[in-house]
Amino acid sequence: MNADLHCHSCHSDGLLAPAALALRAARNGVELWALTDHDTLGGLEEARAAAGQAGLQFIDGVEVSVTWQGVTLHIVGLGIDPSNEALDSGLTRVRSGRDARALRMATELEKLGVCNAYENAMRHAGNPSLVGRSHFARVLVEQGYATDVHAVFRNFLVPGRPGHVDHRWTTLAQAVDWIHAAGGVSVIAHPGRYRISGAQIEQLFGEFRAMGGAGIEVVSGSHGEAEMRVFARYARAFGFLASRASDFHAPGESPVDLGMSAPLPEGVEPIWCAPALADRLVCLN
Ligand code: AMP
Ligand code: MN
Ligand code: MN
Ligand code: MN
């Protein structure tokens, strides 16, 4: 099964419209696809319709921004009901701090000499209420501060580097509650990307499991082979289902294209076999 259960459209910080993503996913051989924009459900209707036309099975998804022990984490919700009021109003609240944060980031970047940082980031933001670091990263590349967005995230916009501002997202418990209230399963996105200790990772996994968290991304566009092996072991140890995801944002920008991730390692149980998802899919495997 070629499943790709995490990617972004222009409703958050991806470059393509949901319908264009569906076509690209189908061309790349994806069979089961989820759109998981940051903190918004705005692209799901278009994605679902386009997925149907392209012959893809579709799962409604979202990637929720969370602050846990002072660190930003991302929790993916899969199989959520996009009309769920608790989830929708929760996400509205999560989004509400982004504009003020963007203004603070712009002030910091302008101190370095970046021109009209806020206006330029907004020009890149397909959805102004979702302005974020990727949009600023594209401005920094445009103005010659870095060769590509990955270089931006090594030198700017991250803790301890210029352009970073503290921001408090929602709590882990709250994000998981919203996802579950909307009938979805929750998954820790790209666990290999967080700058936290091994002890903290285990604490996070333990807390998440106790909240009813279903899975972790074992295969992610931001994991190398070693990380896939490490997180496959963690999945087995904690009883998590394993997700497979490109985290695709844009052609030429994302390291892994839709559907092009490595297969799940042996010995893990795929998240798409979770009853809450599998019951709604036709002809699995
Ligand atoms: P925000 O939600 O505004 O804090 O932006 C987070 C987004 O920045 C992530 O979803 C990625 O799209 C992007 N990002 C963060 N770190 C990196 C990185 N190391 N390389 C590329 N993109 C990154
Ligand atoms: Mn992103
Ligand atoms: Mn993420
Ligand atoms: Mn993502």
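**Notebook: helix α1, the manganese sites and Thr36**

Entry 1. I began with the outward side of helix α1 and found that the face turned away from the buried side carries the exposed residues Leu23 and Arg27. I note at the outset that the model I am reading is predicted.

Entry 2. Next I looked up which residues of α1, spanning residues 18-27, are buried. They are Pro18, Leu21, Ala22, Arg24 and Ala25. Viewed down the axis of α1, these buried residues fall within an arc of 165°, so they line one face of the helix. I recalled the general rule for this pattern: an α-helix has 3.6 residues a turn, so residues three or four places apart point the same way.

Entry 3. What covers the buried residues of α1? I found that the cover includes β2 (32-35) and α2 (44-53). I then followed the chain past the helix and came to Gly29, whose phi is positive, near 90°.

Entry 4. I turned to the metals, starting with the manganese ion listed as ligand 4. Which residues coordinate the manganese ion (ligand 4)? I recorded His6 and His8, each through NE2, together with Glu63 through OE and Asp247 through OD, at 2.1 to 2.3 Å. Along the sequence, the spacing of these donor residues reads H-x1-H-x54-E-x183-D. His6 lies in the loop between β1 (3-4) and α1, whereas Glu63 belongs to strand β3 (residues 57-68), so the pair ties together parts that are 57 residues apart in sequence. I checked the exposure of this pair as well: both His6 and Glu63 are buried. The manganese ion (ligand 4) is separated from the manganese ion (ligand 2) by 4.5 Å.

Entry 5. I then examined the manganese ion (ligand 2), which is coordinated by two OD entries of Asp13, by His38 (NE2) and by His249 (NE2), at 2.1 to 2.7 Å. The angles among the six donor atoms of the manganese ion (ligand 2) run from 52 to 152°, and I noted the site as irregular. In sequence, I read the spacing of its donor residues as D-x24-H-x210-H. Asp13 sits in the loop between β1 and α1, and His249 in the loop between β7 (241-244) and α11 (275-278); the pair links distant parts of the chain, 236 residues apart. Asp13 and His249 are both buried. I also noted that 5.5 Å lie between the manganese ion (ligand 2) and the manganese ion (ligand 3).

Entry 6. I listed the surroundings of ligand 1. Among the residues around ligand 1 are Asp13, His38 and His249, which I had already met as donors to the manganese ion (ligand 2). The list also includes Arg98, Arg101, Arg133 and Arg193. I looked up individual distances to oxygen atoms of ligand 1: a polar side-chain atom of His38 lies 2.8 Å from one, one of Arg101 lies 2.7 Å from one, and one of Arg133 lies 2.8 Å from one.

Entry 7. I closed with Thr36, found in the loop between β2 and α2. Is Thr36 buried or exposed? Its relative accessible area is 0%, so Thr36 is buried. A polar atom of the Thr36 side chain lies 3.0 Å from the backbone nitrogen of Cys7. Leaving aside neighbours within four places in sequence, I found Thr36 in contact with residues including His6, His8 and Glu63, three of the residues that coordinate the manganese ion (ligand 4). Its contacts also include Leu5, Gly61, Val62, Val76 and Leu78.

Conventions. Residues numbered from 1 in each chain as written. Chains lettered and ligands numbered in written order. Predicted model: local features only at pLDDT ≥ 70, side-chain atom pairs only at ≥ 80, totals over all residues. Heavy atoms only, no water. Buried < 20%, exposed > 50% of the residue type's maximum accessible area, 1.4 Å probe, protein only. Helix = DSSP H or I, 4+ residues; strand = E, 2+ residues; numbered from the N terminus. Arc of directions from axis to C-beta. Contact = heavy atoms within 4.5 Å. Donors = N, O, S within 2.8 Å, 3.2 Å for Na, K, Ca; no water. Tetrahedral: all angles 85-135°; square planar, octahedral: opposite > 155°, others 65-115°. Near = heavy atom within 4 Å. Polar contact = N/O pair within 3.5 Å; in protein donor to acceptor, adjacent residues only side chain to side chain.
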